[in-house]
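Here's a quick walk through a protein model, from its overall make-up down to a few individual side-chain pairs. Take a look at it first, then read on.

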Amino acid sequence: MSEMENENAQERTEQATPKRQREAREKGQVVRSRELNTMAIVLAAAGGGLMFGSDMLGRLAQMMRQSLTLDRTQAMNSHALYSALSHAAWQAVLAVVPFMITVSIAALVASVALGGINFSSDALGFKWDRLDPIAGIRRVFSMNGLMELGKALAKFILVSGVAVILLWQQIPGLLGLGEQSLLPALGHMGHMLGWSFLLLSLALVVIAATDVPFQIWQHAKRLRMTRQEVRDEFKETDGQPEIKNRQRALQREFANRRMMEDVAKADVVVTNPTHYAVALSYDGEKMNAPRVVAKGKGPVAARIREVAREHHVIIYSAPPLARAIYFHSRVGDEVPAALYVAVAQLLAYIYRIKSGDTDPEVDLDLSVPSSMTLDQPRSEPRE
């Protein structure tokens, strides 16, 4: 492979696998958008100020009024002064709690809106490479650093533009404040500032709506894998070919062991007589038709016959029937419907032998339909 081909082969063109995504999440690498967090906090602050601002300012004004109207006796009494300060502090807390709860909820929801709740001890670990000044300079002048600089400039231009427009529209109202008395002017100014702040905060929605898809794309790009990494992960997940072959061999060995255990409980073993062997079992209370409990050819067929002799299971030589069952049924399946008559005759004969009512040397005429005499099945059966 040429150097160019090798370089292209190592390009991160493949989407991250679920395992890669899970490992990245365990390391704390999840999608996050600072612009989304900023937008949510500022909007919550603006909305909370409009909803709770009047009550909050009223409570704080009352607290200041009570704190500044202490008489001399209360001011000189340490117990009374402590009680007054405690009451004022409690009033201040009650005044700002609704506002702080609103902002805190917005900050929490925005922080987990993209990547969800994630705790990673790896993300909290100290990394010495963060102290490397060369790496820090590279990060500043990297493509990601330039993108952050571009976003900061765009955010400044957008927010500044909206602020200028709002200020320009509020000029008549601001000039009219000088013609009002103090308290109405303060209330009017607070109303103007609250709504101006809310409208200014809405400009951050545009920035967040642009940043969120970008962060999702950038996170997916960071997690991309090379084709070699995907192949290596597939090998780690599914196992090396040697291990998989060993597992298959163990599975076959276990299946053969189970099959030989079933041969010991079979009613009859039908043979070719040497190439194929099929073990049949039938329980009228549990089965609708006779069932194939074991089958094999060559060494497996020889082992089936050997186990049958060890456990005194009758072995009957019927080459057409043995081949038909072998090629047209699977272990655990009922015998094909086309063979019901032949198998029923055979089982009836076997039951008579076990009860001593017939000669075990009698040859049966077990006819097999011509469609079942082919030695190649329509689909390869499982042994």
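How much surface does the protein expose, and what share of it do carbon and sulfur atoms supply? The exposed area is about 25,300 Å², and carbon and sulfur atoms supply 61% of it.

## The big picture

Keep in mind that this is a predicted model. Its secondary structure adds up to 15 helices and 4 strands. Of the 383 residues in the protein, 28% are buried.

As for how the chain folds back on itself, take the contacts between residues at least 6 apart in sequence: 75% of them join residues at least 24 apart.

## Two helices side by side

Now look at helix H3 (residues 34-67) and helix H5 (residues 78-112). Their axes come within 9 Å and cross at roughly 175°. That angle makes H3 roughly antiparallel to H5, since anything over 145 degrees counts that way.

What sort of residues make up the contact of H3 with H5? They split into 20 nonpolar, 9 polar and 1 charged.

## Salt bridges between distant parts of the chain

The salt bridge count for the model is 5. One of them pairs the side chains of Arg227 and Glu14, at 3.3 Å from N to O. Arg227 sits in helix H11 (residues 227-238), while Glu14 is in the loop between helix H1 (3-9) and helix H2 (18-26), so this pair ties together parts that are 213 residues apart in sequence. Arg227 counts as exposed, with 51% relative accessibility, because the exposed class covers values over 50%. Glu14 is partly exposed at 26%.

Another salt bridge links Lys354 with Asp267, and here the closest N and O atoms are 3.8 Å apart. Lys354 belongs to helix H15 (residues 340-355) and Asp267 to the loop between helix H12 (241-263) and strand E1 (268-271), so the two tie together parts 87 residues apart in sequence. Is Asp267 buried or exposed? With a relative accessibility of 12%, Asp267 is buried, because the cut-off for that class is under 20%. Its partner Lys354, at 49%, counts as partly exposed.

## A salt bridge within one helix

Glu306 and Arg303 also form a salt bridge, with their closest N and O atoms 3.2 Å apart. Where do the two lie? Both are in helix H13 (residues 299-310), 3 residues apart, which is about one turn of the helix. Glu306 has a relative accessible area of 37% and is partly exposed; Arg303, at 36%, counts as partly exposed too.

Note on methods. Residues are numbered from 1 along each chain as its sequence is written. This is a predicted model: local features need pLDDT of at least 70, side-chain atom pairs count only at pLDDT 80 or more; totals for chains, interfaces and linings use all residues. Side-chain values use heavy atoms; hydrogens and water are left out. Axes are lines fitted to C-alpha atoms, for helices over the stretch in contact, and angles run from 0 to 180 degrees between N-to-C directions. Angles under 35 degrees count as roughly parallel, over 145 as roughly antiparallel, 65 to 115 as roughly perpendicular and the rest as oblique. Ala, Val, Leu, Ile, Met, Phe, Trp, Tyr, Cys and Pro count as nonpolar, Asp, Glu, Lys and Arg as charged, and the others, Gly among them, as polar. Buried means under 20% relative accessible area, exposed over 50%, partly exposed in between (1.4 Å probe, protein chains only). Contact means heavy atoms within 4.5 Å. Accessible areas come from the Shrake-Rupley method with a 1.4 Å probe; for residues, only the protein chains shown count as cover. A salt bridge is a side-chain nitrogen of Lys or Arg within 4 Å of a carboxyl oxygen of Asp or Glu.
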